[in-house]
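Please work through the exercises below with the sequence and the model open beside you. Try each task on your own before reading its solution.

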Amino acid sequence: MQCVKLAEIAFSRSGDKGNISDISLFAKNLQIYEVLKSLVTAKKVKEHFRGVSTGEVERYEVPNVLALKFILHDALGGGAASSLRMDNLGKSLSAALLRMEVEVPEEILGGWNGSPQ
């Protein structure tokens, strides 16, 4: 097993609506998607964003695009119009998720050549 940041094996996009942020995590290939499904749980994402997101975290699997979608409730300090945060938009949270570290089997990383399978 090798510890890697999600940025090394995935891409992300995020957005916001009111006090809710949504983050989509896209695997670079099918093998990595299978690993992410087991490792990047709603509980782990909630732990990763402790102090930022105070509400529930929901996770949805989107296998046709090799993605996991996370909905973070109460994540934006009340939303853009009412938050006192310097960066109160959910768009910045995708980069924060990519800093999460996970343990990935070396054989999956060893075969990684940068192109989706």
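The exercises that follow concern a predicted model, and they move from a sheet to a helix and then to a core.

**Exercise 1.** Work out the order of the strands in the open sheet of four strands, and find which of them are the edge strands.

*Solution.* Begin with the pairing of β3 (residues 20-27) and β5, which run antiparallel and are joined over six bridges; within this pair, I23 has F70 in β5 as its bridge partner. Next, take β4 (residues 57-62), which is also antiparallel to β5 and is linked to β5 by six bridges, with E58 standing opposite I71. Putting the strands together gives the order β2-β3-β5-β4, with antiparallel pairing. The edge strands are then β2 (10-17) and β4, since each of these pairs on one side only. From one strand to the next, the twist averages 15°.

**Exercise 2.** Decide whether strand β5 is largely enclosed or largely open, and look at the hairpin that β5 forms with β4.

*Solution.* A residue counts as buried when its relative accessible area is under 20%. Five of the six residues of β5 (residues 67-72) are buried, and therefore the strand is largely enclosed by the rest of the structure. In the hairpin, four residues lie between β4 and β5, and L66 adopts a positive phi near 55°.

**Exercise 3.** Describe how helix α1 packs on the sheet, and explain why its buried residues are on the same side of the helix.

*Solution.* Helix α1 (residues 30-39) packs on the sheet and touches β2, β3, β4 and β5, while its direction makes about 155° with that of β4. The buried residues in α1 are I32, Y33, V35, L36 and L39. Because these residues cover an arc of only 165° around the axis, they are on the same side of α1. At the N-terminal end, α1 is capped by N29, whose side-chain oxygen lies 3.1 Å from the backbone nitrogen of Q31.

**Exercise 4.** Find which residues touch the most other members of the largest nonpolar core, and which element gives the most to it.

*Solution.* The largest nonpolar core has 31 residues, and those touching the most other members are L6, L36 and V40. Among the elements that give two or more residues to this core are β3, β5 and α3 (93-98), but α1 gives the most, with five residues. To see the surroundings of V40, leave out residues up to four places away in sequence; V40 then touches L6, L25, V45, R59, L68, F70, M100 and V102.

Notes:
Residues are numbered from 1 along each chain as its sequence is written. This is a predicted model: local features need pLDDT of at least 70, side-chain atom pairs count only at pLDDT 80 or more; totals for chains, interfaces and linings use all residues. Side-chain values use heavy atoms; hydrogens and water are left out. Buried means under 20% relative accessible area, exposed over 50%, partly exposed in between (1.4 Å probe, protein chains only). Two strands pair if DSSP finds at least two bridges between them. Axes are lines fitted to C-alpha atoms, for helices over the stretch in contact, and angles run from 0 to 180 degrees between N-to-C directions. Contact means heavy atoms within 4.5 Å. The arc is that of the directions from the helix axis to the C-beta atoms. A polar contact is a pair of N or O atoms within 3.5 Å; within protein, one must be able to donate a hydrogen and the other to accept it, and residues adjacent in sequence count only if both atoms are side-chain atoms. A nonpolar core is a set of buried Ala, Val, Leu, Ile, Met, Phe, Trp, Tyr and Cys residues joined through side-chain atoms within 4.5 Å.
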